[in-house]
Amino acid sequence: MTGNNLADYLTLGLIMFSIGAVGVIVRRNPIVIFMCIELMLNAVNLTFLAFARFTPTTAALADRAESFMSGQMMVVFVMAVAAAEVAVGLGIIMAIYRLRNEIDIDEMNLLKG
Amino acid sequence: MTVFMVLSTIAILAALGVVLFSSPVRSALCLVFNFFTLAFIYFGLKTELLGITQIVVYTGAIMVLFLFVIMLLNLGGPQTWKERFEFRTVLGFGFGFALAAVIASQVFANFQYFDKPQAPDSFGSPQALGRVLFTHYVWPFEIASILLLIGIVGSIMLAKRKL
């Protein structure tokens, strides 16, 4: 896997992000919508790592480790936030199911005035 | 190159399966496939620690949580979820293609000459990542731990019937 360039990874990330965005719009099951959000987060993680691997660092920053580690740090924090988001979101889905006995996304009009 | 092509083809097909399967269990299993192939692509980018973290956190924790909720709410059968074909479906696919076309036309021309990896090969090792995480990024690390604590408390609050 040495012959790849940056555009290949960016293309894969773009395709996955677009599929996730389509899924968020099209599907009506809120659990599948959550999965599509995870798909979009993973596409963004892939582009972060690709940029972290391929972007050149300047000579003045090359000896400082944090100059080329920021992409990986971003991915670490995205993973942490995604874990917290999934826990809270699935808790909300459970609460709504207990209240309404259905989780159709089109029937969730509790906040409508 | 061929390894990357095979892995990315599997990843794209699994991502399509997440959207197109009507049963949420099949969508979840497709998402597991997608996360695994992404982890191998991360290995190819020489970020080994994040590839292992991807397998452990996403397929080990998050997808188990998804499957647990699907089984708990008894949503496994496809007959419970008839996805209606309606105007929104066409609009969604059109929007997706438009998004991909706009980003592809604006972004890729600037990056086609970046064909050589610039970061050192050991930049994804646990030593390098841990050293930066506990020195230069120690405050975001602590804030992330507080966020996870709030997430635990909030999900228990939401899931309990009576406090």
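1. Which residues does A:Leu39 touch, not counting residues up to four places away in sequence? In this predicted model, the list from chain A is A:Met16, A:Ile19 and A:Gly20. From chain B, A:Leu39 touches B:Ala15, B:Val18, B:Leu31 and B:Asn34. The contacts of A:Leu39 thus lie in both chains, and the points below take up the chains, the core and the contact in turn.

2. Chain A has three helices and zero strands. From the N terminus on, its elements run α-α-α. Of its 113 residues, 44% count as buried. Among the contacts in chain A with a separation of 6 or more, 53% are accounted for by residues 24 or more positions apart.

3. Chain B comes to six helices, again with zero strands, in the pattern α-α-α-α-α-α along the sequence. Buried residues make up 24% of the 163 residues in this chain. For contacts in chain B with a separation of 6 or more, residues 24 or more positions apart account for 54%.

4. On overall dimensions, chain B has a radius of gyration of 20 Å, where a compact globule of 163 residues would have one near 15 Å. Taken along the principal axes, the C-alpha atoms of chain B fill a box of roughly 50 × 45 × 25 Å. Chain B, taken alone, should therefore not be described as a compact globule by this rule, because its 20 Å is set against a value near 15 Å, from 2.2 Å times the number of residues to the power 0.38.

5. The domain assignment divides chain B into domain 1 (1–98) and domain 2 (120–163). The C-alpha centres of these two domains of chain B lie 24 Å apart. Their contact takes five residues from domain 1 and six residues from domain 2. By class, the domain 1 side of that contact has two nonpolar, one polar and two charged residues.

6. The contact between the chains takes 73 residues from chain B and 64 residues from chain A. On the chain B side, at least two residues each come from helix 1 (2–20), helix 2 (24–44), helix 3 (48–73), helix 4 (87–107), helix 5 (126–135) and helix 6 (138–159). Helix 4 of chain B gives the largest share of this side, eleven residues. The residues of chain B that touch chain A divide into 52 nonpolar, 16 polar and five charged.

7. The largest nonpolar core has 61 residues, of which A:Met35, A:Leu39, A:Leu49 and B:Val18 touch the most other members. At least two residues each are supplied by helix 1 (6–26), helix 2 (30–54) and helix 3 (70–100) of chain A, and by helix 1, helix 2, helix 3 and helix 5 of chain B. Helix 2 of chain A has the largest share of this core, 13 residues. The core lies between domain 1 (1–98) and domain 2 (120–163) of chain B, because both give residues to it. In soluble globular proteins, nonpolar side chains tend to be buried together.

8. B:Val69 lies in helix 3 of chain B. Is this residue buried or exposed? B:Val69 counts as buried because it has 22 C-beta neighbours inside 10 Å, and the cut-off for burial is 20 or more. Leaving aside neighbours within four places in sequence, B:Val69 is in contact with A:Ile31, A:Leu90, A:Ile93 and A:Met94.

9. A:Val26 is found in helix 1 of chain A. This residue is buried, with 23 other C-beta atoms within 10 Å. Its contacts, leaving aside neighbours within four places in sequence, are with B:Val19, B:Arg88, B:Thr89 and B:Gly92. The C-alpha atoms of A:Val26 and A:Ala7 are separated by 28 Å, the two residues being 19 residues apart along the chain.

10. A:Ala84 has its place in helix 3 of chain A. With 18 C-beta neighbours inside 10 Å, A:Ala84 counts as partly exposed, because a residue needs 20 or more to be buried and 12 or fewer to be exposed. Not counting residues up to four places away in sequence, A:Ala84 touches B:Leu147, B:Leu148 and B:Gly151.

Key. Residues numbered from 1 in each chain as written. Chains lettered and ligands numbered in written order. Predicted model: local features only at pLDDT ≥ 70, side-chain atom pairs only at ≥ 80, totals over all residues. Contact = placed C-beta atoms within 7 Å. Helix = DSSP H or I, 4+ residues; strand = E, 2+ residues; numbered from the N terminus. Nonpolar A, V, L, I, M, F, W, Y, C, P; charged D, E, K, R; others polar. Core = buried A, V, L, I, M, F, W, Y, C linked by C-beta atoms within 7 Å. Domains from an automatic or database assignment.
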